[in-house]
Each structure stands twice: as structure tokens, then as C-alpha cells.
Amino acid sequence: MARRRFSDAQRTLMQERILDAAMAVFEKKGGLDALSFRGLAAELGMSYSTPYRYFESKEVLVNALRTRAFRWLERLIEDAIDGVSDPEERLEKLAEAYIRASVLHPHRYELMFFNLDSTDEAKRSLSLKAAKRDALDVCTRVIADGQKRGRFPRRTDPLTAAHLFWVAAHGLVSLQIAGQLVMGRDLNTLMPLIIHTLMKGMEQLDPAEAPPKLVNLQEASS
């Protein structure tokens, strides 16, 4: 008997169903080690070979999960600033939403950022690259808008400023997830201070005055 052919809409619906189950397994049952196509099939009540019709390998499935996670983060921070007009308040709410959501979903955050970019599939995935770029672009656009309206200084370009916010937020989240904030300051104390410091830093930072690179890290690691 010939295999039934599905429409594009039906195929997309099944892919989303598999990704829903995969994210649930990943977050609740032990991360990537707990994620297998056979386990997903059992979770969904389908034959063990069915997931392969929609994702040709576990690597492809994981990258689809990562793409979905970045899209989730993008929507979340967009929602946090929706209806807020003041540029400084928008930047504060964006940073706070990023940090709090990441801490509340540590497994999802690990999926997005930790030790998974070295695979060939991840490097080739245009959808994953686009999802990463679009998530960061929310912050870039908020800063650019603030500069256009004369609320943020123009000495630092928006993309560089957004990366500085990202680096600081990522460091705070990573330390919190790893349980390393044990030296007398906690997340709730540090988060508003970091956001305030970064915002004030934009007033002082002049990239032209930055010290020269001490070492090319990419060359040093090769």
C-alpha cells in the first residue's frame, strides 16, 4: 500500500507536534541525553520510524528546537516592550524580561547557547542563524530608536551596544543557572544594577577610545 501523502499544512502541523513533545522531553526528562526518536514516538503514540519522516536526524531535530527557542525569546521580549514608548523604560523591560525568562527556563537557555554550535548542521542552518539574529535585533532596534529620538548617545552604534547588553545579561544568567552567585550578591540585587550600569555606560563609551586588541583570540585558539 502506498504511503499516504500529506499536504504542506499537515506536515507542518505534525512537525510542530513532534517539536512540542521534544521540548517537553528535553526540559522535563534530562536534556539531550533523554531525547531520542524512539522515545518521542512512544510519547506521541506513533511508530518509532514516524519522526524520521519529518526530521532526518536528531541533529536536525535539535536545531529545530533551538530555532524555536530563539523565536520564543524574541516573542517574549517583544511582548515585554509592547505598548511602552519611553526608550529607557523599553530597554530596562527588555533586559529584565530576557534575564528572568532565561533563569526560569534554564534547560531551554542551555539548549540555545551552550556547547551546540560546533556541529556542521548548526553551522549550515539558515533558520537557526536567522532566529538568533532576530532575537538580538530586538535590542538593537530599541537602542537605534532611542538614539534617533535623542535619548541615547550616538557614540556607540546600536549593534555594538546591543552586544554589550547581551554579553552582560548572558553572564548574569549563566552564573545564576550554574549556582555560582554565592559571594554575597544575588540575581535580584545585581540585575537592576547591571541594567543601570550599561545604560549609563552608553553615555560614556566611545569605541574610538577603546584600547587596542591585546590578542586575536580566534587565532590563539586555532
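## Main nonpolar core

In this predicted model, the largest nonpolar core holds 36 residues. Within that core, L91, Y98, I99, I143 and F165 touch the most other members. Six helices each supply at least two residues of the core: α3, α4 (87-104), α5, α7 (126-148), α8 (158-177) and α9 (187-204). Helix α7 gives the largest share, 8 residues. In soluble globular proteins, nonpolar side chains tend to be buried together.

I143 shows how the core members meet. Leaving aside residues up to four places away in sequence, I143 touches L91, F152, P158, A161, A162, F165 and M202. Two of these partners, L91 and F165, are themselves among the residues that touch the most other members.

## A separate core

Another core lies apart from the largest one. This second core has 22 residues, including M14, Y54, F55 and L111.

Y54 sits in the loop between α2 and α3. Is Y54 buried or exposed? Y54 counts as buried because its relative accessible area is 8%, below the 20% cut-off. Along the sequence, Y54 and T12 are 42 residues apart. In space, their C-alpha atoms are 8.8 Å apart.

## Overall fold

The chain has 10 helices and 0 strands. Read from the N terminus, the elements run α-α-α-α-α-α-α-α-α-α. Of the 222 residues in the chain, 36% are buried.

Contacts reach far along the sequence. Take those between residues at least 6 apart: 69% of them join residues at least 24 apart.

## Aromatic cluster

The whole structure contains 5 aromatic pairs. One of them joins F70 and F113. The geometry of this pair is edge-to-face, with 5.3 Å centre to centre and 85 degrees between the planes. The pair links distant parts of the chain, 43 residues apart. F70 belongs to helix α3 (residues 58-81), and F113 to helix α5 (residues 106-113).

F70 has 2% relative accessibility, so it counts as buried. Ring pairs also extend the picture to a cluster of F70, Y98, Y109, F113 and W166. Y98 thus has two roles here: it is in this cluster, and it is one of the core residues that touch the most other members.

## Charges over rings

Two arginines sit over aromatic rings. The charged end of R38 is over the ring of Y48, 4.6 Å from its centre. The charged end of R108 is over the ring of W72, 4.5 Å from its centre.

## Helix α4

Helix α4 has 18 residues. From first C-alpha to last it reaches 26 Å, close to the 26 Å expected at 1.5 Å a residue.

The buried residues of α4 are P87, R90, L91, L94, A95, A97, Y98, I99, A101 and S102. What covers them includes α3, α5, α7, α8 and α9.

## Helices α3 and α7

Helix α3 has 24 residues and reaches 35 Å from its first C-alpha to its last. That is close to the 34 Å expected at 1.5 Å a residue. Just after α3, G83 takes a positive phi of about 85 degrees.

Helix α7 has 23 residues, and at 1.5 Å a residue they should span 33 Å. Its end C-alpha atoms are 31 Å apart, which agrees. At D137, α7 bends by about 30 degrees. G150 follows α7 and has a positive phi, near 80 degrees. R141 also lies in α7. This residue counts as partly exposed because its relative accessibility is 39%. The C-alpha atoms of R141 and A162 are separated by 8.8 Å, with the two residues 21 apart along the chain.

## A41 in helix α2

Where is A41 found? A41 is in helix α2 (residues 37-44). It has a relative accessible area of 1%, so it is buried.

Leaving aside residues up to four places away in sequence, A41 touches M46, S47, Y48 and P51. One of these partners, Y48, is the residue whose ring lies under the charged end of R38. A41 and A22 are 19 residues apart along the chain, and their C-alpha atoms are separated by 9.9 Å.

Notes: Residues are numbered from 1 along each chain as its sequence is written. This is a predicted model: local features need pLDDT of at least 70, side-chain atom pairs count only at pLDDT 80 or more; totals for chains, interfaces and linings use all residues. Side-chain values use heavy atoms; hydrogens and water are left out. Rings of Phe, Tyr and Trp (its six-membered ring) pair if their centres lie within 6.5 Å; planes under 30 degrees apart count as stacked, over 60 as edge-to-face and the rest as tilted. Helices (H or I, at least four residues) and strands (E, at least two) are DSSP runs, numbered from the N terminus. Buried means under 20% relative accessible area, exposed over 50%, partly exposed in between (1.4 Å probe, protein chains only). A charge sits over a ring if NZ of Lys or CZ of Arg is within 6 Å of the ring centre and within 35 degrees of the ring normal. A nonpolar core is a set of buried Ala, Val, Leu, Ile, Met, Phe, Trp, Tyr and Cys residues joined through side-chain atoms within 4.5 Å. Contact means heavy atoms within 4.5 Å. The expected span of a helix is 1.5 Å times one less than its number of residues. The bend at a residue is the angle between axes fitted to the seven residues ending there and the seven starting there.
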